[in-house]
Amino acid sequence: MSRRLFALLVVAVLAGSAVAQAPAPPPALTNYVAKADPSFAWKLVANDDTLAGKVYTIDLTSQTWHGVTWEHKLQVYVPKGSKPTATMVLWNQGGTPSRSSSALGLAIAE
């Protein structure tokens, strides 16, 4: 077994045990996340086909917190020919989506 492969194996085992031993979230956080928020909503505003795949653009209202409604533009990238899996990548760039960010998002998703 190469040294590099062994090091990756050790890191994976240690990361797995660290996750398994993570403390439970504080009750206040658990209660906040479980609480219904009537401002939560989403709407599909675009469904674009490209040569590299599909880009879904969604207007998302995630919550109201301390009187502030949190609104976001969310894009979901589906590379051409991809099959549904339990794995996804979250890429947060901030700002407003553009053609170049869509192209980069599809490249990352591939």
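## Lys73 and its surroundings

Lys73 is located in strand 3 of this predicted model. With a relative accessibility of 44%, Lys73 is classed as partly exposed, because that class lies between the buried residues, under 20%, and the exposed residues, over 50%.

Leaving aside residues up to four places away in sequence, Lys73 touches Val45, Ile58, Asp59 and Pro97. One of these neighbours, Asp59, is joined to Lys73 by a polar contact of 2.6 Å between the two side chains. Another, Pro97, is 24 residues from Lys73 in sequence, yet the C-alpha atoms of Lys73 and Pro97 are 7.2 Å apart in space.

## The sheet

Strand 3 belongs to an open sheet of three strands, arranged in the order 1-2-3 with antiparallel pairing. Strand 1 (41-49) and strand 3 (68-79) are the edge strands, each of which pairs on one side only. On average, and with direction ignored, neighbouring strands of this sheet are turned by 20° against each other.

In general, the strands of a sheet are paired by hydrogen bonds of the backbone, in either a parallel or an antiparallel manner.

## Strand 1 and strand 2

How many bridges pair strand 1 with strand 2? Eight bridges link strand 1 to strand 2 (residues 53-65), and the pairing is antiparallel. Two positions illustrate it: Asp49 has Lys54 of strand 2 as its bridge partner, and Ala46 stands opposite Thr57, also in strand 2. The connection from strand 1 to strand 2 is a hairpin through three residues.

## Strand 2 and strand 3

Strand 2 and strand 3 run antiparallel and are joined by 12 bridges. Thr57, which stands opposite Ala46, has Gln75 in strand 3 as a bridge partner. These two strands also form a hairpin, with two residues between them. In the turn, His66 has a positive phi of about 55°.

Gln63 is a residue of strand 2. Its contacts, not counting residues up to four places away in sequence, are with Tyr32, Asp37, Ser39, Val68, Thr69 and Trp70. With Tyr32, the contact includes a polar contact of 2.3 Å between the side chains of Gln63 and Tyr32.

## Helix 3 on the sheet

Helix 3 (residues 99-109) packs on the sheet and touches strand 2 and strand 3. The direction of helix 3 makes about 60° with that of strand 3.

Which residues of helix 3 are buried? They are Ser101, Ser102, Gly105 and Leu106. These residues lie on the same side of helix 3, because they cover an arc of only 135° around the axis. A general rule helps in reading this pattern: an α-helix has 3.6 residues a turn, so residues three or four places apart point the same way.

The buried residues of helix 3 pack against strand 2 and strand 3. On the face turned away from this buried side, helix 3 carries the exposed residues Arg99 and Ser100.

Note on methods: Residues numbered from 1 in each chain as written. Predicted model: local features only at pLDDT ≥ 70, side-chain atom pairs only at ≥ 80, totals over all residues. Heavy atoms only, no water. Pairing = 2+ DSSP bridges. Helix = DSSP H or I, 4+ residues; strand = E, 2+ residues; numbered from the N terminus. Axes fitted to C-alpha atoms, helices over the stretch in contact; angles between N-to-C directions. Contact = heavy atoms within 4.5 Å. Buried < 20%, exposed > 50% of the residue type's maximum accessible area, 1.4 Å probe, protein only. Polar contact = N/O pair within 3.5 Å; in protein donor to acceptor, adjacent residues only side chain to side chain. Arc of directions from axis to C-beta.
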